[in-house]
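Work through the following exercises with the sequence and the coordinates open side by side. Each task sentence is followed by a solution that proceeds step by step.

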Amino acid sequence: MMKIETDKLRPLGGGGRKLFVETYGCQMNAADTEIVVSVMRDEGYDYTDDIEQADIILINTCSVRENAEQRIRGRLTEMRRHRRRKPSLIVGIIGCMAERLKEELTTGEDAVDIVAGPDAYRDLPRLVREASAGGKGINVMLSREETYAEIAPVRLDRNGVSAFVSIMRGCNNFCSYCVVPYTRGRERSREPGTVIAEVKRLFEAGYREVTLLGQNVNSYDYEGLRFPQLLRSVAEVSPLLRVRFATSHPKDMGDELLQTMASMPNICRCIHLPAQSGATSMLERMNRKYTREDYLERIAAVRRYMPDCAITTDLIAGFSGETAEEHEATLSLMRQVGYDSAYMFRYSERPGTFAARNMPDDVPDAVKTARLQEIISLQNSLSEQSNSRDVGREFEVLVEGESKRSAERLCGRTSQNKMVVFDARGHRAGEYVRVRITGCTSATLLGEPV
Ligand code: SAH
Ligand code: SF4
Ligand code: F3S
């Protein structure tokens, strides 16, 4: 449970009442939940991680694929039980699905009391009051300015070592398959002073790793201050602070960023560079604005500046019109790059996107599934190869905590973002430990402190 300062306890329809938030979707949503908890805490709502204790349940949702939404609809049905148990319970949907479905969520059998889009979180206390008075609290206005810049997120993670810091919101790219520009609105960058101040506070509180978040961090631009400069200032907070960021778009990941990374050892050697497909014809239909050759040229640049940099990606199988050759091109791109890991998805048509309006979802289900399976098995073997190459090497590991299986073993990450499990030998979370890699699985490295 979160500790609250008593001066922040204002009753305002709350007064010791408890809030529970369930989070789905990407890291941006995880970061947003911490903003929401902060906004609500200032209104006197105490955070609980026990859903049974909650007076308000908020579900922070994702619309990126249909199965993400289906899962949340299932959760809404399960809320019936909680409502029967506690008739005064308020249930709200926030985040991307709230933005996409709007008022629709306040009707039907599993109607919710609150619907708040990603830019409406400052308004939550008012929406809660509407709902407490028996009405519906709805705000799905998108904003051109909102970045929650000065709101101090309430950290809900348990390890106290690594934290997300949101640096921009929205997306202007309009990849033809993607719903995010519709659910999160236009791109806007957070004032850099507030980013640095937040990072300093985290470091002083013992955090040793921050991940700067945005849908496309390369287009960060605050009155002319661009991402490489922001990244450098964040990394300068302390050499003991590791800095990561996500996500980079291949079309605008420039050399200046790579130079900045290469010049600061505490900027982690890992770039997440979603390719989506390996075929130029497909990339064009996806509106990605780069070719296979452009992408490979960027990969070569990464390797030139940082030979030890891990590269990870996102891939979509079975997008509109995907031919066997295009699918093969994705497999060959994967082999050529040798990704260290990847997130792999089957195409899911999203209502309202350019693709849904103009491009048939015409790859048969069985073909999509078979292609995705091929992509996954190839990646498994690439990940295994990548991990095997690390056996015998030494890495600086930032300890995150005890390993899942045993308190005698710790887990932490390398700069390349690979998880390592090793004997504790008195080390603790937040420490840097030099570890020699002695073995691996396709998902984890195993090692010994040296
Ligand atoms: N802004 C980030 C991440 C966006 S969502 C980026 O551009 O990389 C994360 C991933 O979900 C995307 O990279 C893409 O691979 C996948 N995705 C997005 N829309 C999808 C859809 N309609 N069907 C399947 N996968 C999708
Ligand atoms: Fe979606 Fe493309 Fe924006 Fe990423 S860059 S969020 S895939 S529209
Ligand atoms: Fe999902 Fe919204 Fe993130 S659609 S992936 S939660 S931006």
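**Exercise 1: a crossover and its strands**

β15, helix α11 (residues 324-337) and β16 together form a right-handed β-α-β unit, where right-handed means that, with the strands pointing away from the viewer, the path from the first strand over the helix to the second runs clockwise. This is a predicted model, in which local features need pLDDT of at least 70 and side-chain atom pairs count only at pLDDT 80 or more, whereas totals for chains, interfaces and linings use all residues. Residues are numbered from 1 along each chain as its sequence is written, chains are lettered from A and ligands numbered from 1 in the order in which they are written, and side-chain values use heavy atoms, with hydrogens and water left out.

Task: determine in which sense β15 and β16 pair, and over how many bridges.

Solution. Helices (H or I, at least four residues) and strands (E, at least two) are taken as DSSP runs, numbered from the N terminus, and two strands pair if DSSP finds at least two bridges between them. By this criterion β15 and β16 pair in the parallel sense, over six bridges. One position to inspect is T312, whose bridge partner in β16 is S341.

**Exercise 2: the surroundings of ligand 1**

Task: establish how many residues surround ligand 1 and which elements give two or more residues to its shell.

Solution. Counting a residue as near if one of its heavy atoms lies within 4 Å, one finds 15 residues around ligand 1, the closest being Q215, P274, Q276, D314 and S348. By class the shell has six nonpolar, four polar and five charged residues, where Ala, Val, Leu, Ile, Met, Phe, Trp, Tyr, Cys and Pro count as nonpolar, Asp, Glu, Lys and Arg as charged, and the others, Gly among them, as polar.

Next, look for N or O pairs within 3.5 Å, the limit for a polar contact. A backbone N or O atom of Y177 lies 3.1 Å from a nitrogen atom of ligand 1, and a backbone N or O atom of S348 lies 2.8 Å from a nitrogen atom of the ligand. The side chain of D314 places an N or O atom 2.6 Å from an oxygen atom of ligand 1. Taken alone, ligand 1 exposes 530 Å², of which the protein buries 90%, with areas from the Shrake-Rupley method and a 1.4 Å probe. The elements that give two or more residues to this shell are β15 (310-317) and β16 (341-346).

**Exercise 3: strand β3 and its neighbours**

Task: decide whether the faces of β3 are buried or exposed, and identify the strands joined to β3.

Solution. Buried means under 20% relative accessible area, exposed over 50%, and partly exposed in between (1.4 Å probe, protein chains only). Six of the six residues of strand β3 (residues 56-61) are buried, so β3 is largely enclosed by the rest of the structure. Both faces are covered, with I56, L58 and N60 buried on one side and I57, I59 and T61 buried on the other.

Turning to the pairing, five bridges join β3 to strand β1 (residues 18-23) in parallel, and V21 stands opposite L58. Six bridges join β3 to strand β4 (residues 90-95), again in parallel, with G95 as the bridge partner of T61. Helix α2 (residues 66-85) completes a right-handed β-α-β unit with β3 and β4.

T61 is also among the residues around ligand 3, a group including C26, C62 and C96.

Notes. Polar contact = N/O pair within 3.5 Å; in protein donor to acceptor, adjacent residues only side chain to side chain.
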